[in-house]
Amino acid sequence: MECATDVFLEGFERILADAAATGRRLTRDEIESRRALGARAAEAGHGWRALVRAHLAAGSRNRPVQAGPDTVLAVIEQAVDAFADGYERAQRLVIRKEEAARREFIDDLLHGRGDPGHLAARCERFGLRLSRAHAVAVAEGPEKYDETDPAPRQVAGELFARFENRRILCTTKDGRMVCVAPGDQDDVLAHFARFAHTATGVGQVAVGRPRQGAVGIGHSYEEALNTLDVAQRMGLDDPLLRAADLLVFPVLARDRQALVDLVHTALGPLEQARGGAQPLLDTLTVYFDSGCVAAAAARHLSLSVRALTYRLARIRTLTGSDPTDPAHRYALQTAVIGARLLDWPNRPL
């Protein structure tokens with residue numbers, strides 16, 4: 001009965017009989033024929049072990065009577081070596097094609113490109129079901145990563161070892177690690193954040209809100225990226241940031257012109273101070289972050305309470321708004337947040 005691998009031994013018996021009988025090496029055409037058959041076997045999905053066994057069995061069955069065992073083994077070794085070369089080349093090509101297809105899918109998914117129906121079919125292939133809402137977590141470390149780097153491989157390995165039965169996607173994009181998980185499986189994203197922080201040492205992870213469909217995954221990804229950007233501008237150093245907890249910042253930034261007007265009106269006069277606006281803006285930032293407790297703010301700024309009080313009075317004189325007055329406080333604090341979002345005064349309004 002013909003074995004499934006026999007088709008990939010075409011011409012092997014003839015080569016064995018001729019080359020072993022004369023003691024010669026395989027010709028270039030014979031080597032190329034073995035390589036071609038190896039490539040076909042790889043493309044057909046046959047396992048390497050079964051193919052090697054088939055070659056050894058064929059060599060044992062068809063060993064020329066007049067040839068010694070060393071000669072026969074030398075011929076088999078040459079033939080299998082050429083076969084392996086073709087097999088491995090084809091496998092590398094298949095892997096490269098799979099990697100290219102995966103990267104294209106990830107780009108389309110995270111940026112919401114392509115036909116939704118086709119994208120849904122590809123999602124199923126890569127383990128996602130678009131009938132469920134998904135959330136995206138993005139991890140940023142001290143350097144840029146791709147999927148071959150140790151940190152992303154470690155994170156993906158630990159994540160899949162713990163959640164092997166979950167439908168999740170772990171990858172890299174633009175130098176960051178990305179995890180896509182069903183929106184109701186927050187434990188997956190929490191562990192992704194922990195693994196990423198452990199692998200990078202100082203990594204920060206942002207999680208977008210759960211969204212429906214392929215377009216929703218793209219929106220959740222963009223929301224996570226925006227959250228990382230806001231965290232950098234606002235000096236937030238929490239290892240795990242959730243977009244849902246920071247919605248006030250994108251709301252403020254949505255109308256940029258209104259925010260520019262607010263910062264210019266409320267804080268612009270601080271530029272008249274000696275040393276510019278930055279020292280007084282830092283004073284306001286720390287004062288508000290300290291819950292408007294002068295003693296705590298003074299300790300943080302390494303100032304005496306008297307020096308801090310003087311700075312607050314100077315701010316009141318320049319801006320006409322008193323940071324210690326609850327009636328003025330909200331507008332000033334909103335303007336301070338806006339200044340950080342706009343990177344003012346480092347960047348002109």
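Is glutamine 154 buried, partly exposed or exposed? That was my opening query for this predicted model. I found glutamine 154 to be partly exposed, with a relative accessible area of 34%.

**Entry 1: around glutamine 154**

I placed glutamine 154 in helix H6. I then looked across to threonine 198, which is 44 residues away along the chain. The C-alpha atoms of these two residues are separated by 9.7 Å.

Next I checked how H6 (residues 150-162) sits against H7. Their axes come within 9 Å and cross at roughly 145 degrees. I noted the crossing of H6 past H7 as right-handed. On the H6 side, I listed Ala151, Gln154, Val155, Glu158, Leu159 and Arg162 as making the contact. From H7, the partners are Val188, His191, Phe192, Phe195, Ala196 and Ala199. So my starting residue, Gln154, belongs to this contact. I sorted the residues of the contact by character and got eight nonpolar, two polar and two charged.

**Entry 2: the two sides of H1**

I moved to helix H1, residues 12-22, and asked which of its residues are buried. My list reads Phe12, Ile15, Leu16, Ala19 and Ala20. They lie on the same side of H1, because they cover an arc of only 105 degrees around the axis. I recalled the general pattern here: an α-helix has 3.6 residues a turn, so residues three or four places apart point the same way.

What do the buried residues of H1 pack against? I found H2, helix H3 (48-61) and helix H4 (69-111). On the other side of H1, I saw that Arg14 and Thr22 are exposed. Just after H1 comes glycine 23, and I noted its positive phi, near 80 degrees.

**Entry 3: salt bridges**

How many salt bridges does the model hold? My count comes to 18. I picked out three pairs to look at in more detail.

I began with glutamate 32 and arginine 35, whose closest N and O atoms are 2.6 Å apart. Both belong to helix H2 (residues 28-43), and they are separated by about one helical turn because they are three residues apart. Glutamate 32 is partly exposed at 40% relative accessibility, and arginine 35 is partly exposed at 26%.

I went on to glutamate 140 and arginine 176, which meet in a salt bridge at 3.0 Å, N to O. Glutamate 140 sits in strand S1 (residues 133-140) and arginine 176 in strand S3 (residues 176-182), so this pair ties together parts that are 36 residues apart in sequence. I read 32% relative accessibility for glutamate 140, which counts as partly exposed. Arginine 176 is also partly exposed, at 22%.

My third pair was arginine 242 with aspartate 186, where the closest N and O atoms are 2.9 Å apart. This one links distant parts of the chain: arginine 242 is in strand S6 (residues 240-242), and aspartate 186 is in helix H7 (residues 186-200), 56 residues apart. I have arginine 242 down as partly exposed, with a relative accessible area of 25%. Aspartate 186 is partly exposed too, at 37% relative accessibility.

I finished with a group. Which residues do salt bridges with shared partners join into one network? They are Arg14, Asp18, Arg24 and Glu30. I had already met Arg14 as an exposed residue of H1.

Definitions and conventions
Residues numbered from 1 in each chain as written. Predicted model: local features only at pLDDT ≥ 70, side-chain atom pairs only at ≥ 80, totals over all residues. Heavy atoms only, no water. Salt bridge = Lys/Arg side-chain N within 4 Å of Asp/Glu carboxyl O. Helix = DSSP H or I, 4+ residues; strand = E, 2+ residues; numbered from the N terminus. Buried < 20%, exposed > 50% of the residue type's maximum accessible area, 1.4 Å probe, protein only. Axes fitted to C-alpha atoms, helices over the stretch in contact; angles between N-to-C directions. Left-handed = near helix turned anticlockwise from the far one by under 90°. Contact = heavy atoms within 4.5 Å. Nonpolar A, V, L, I, M, F, W, Y, C, P; charged D, E, K, R; others polar. Arc of directions from axis to C-beta.
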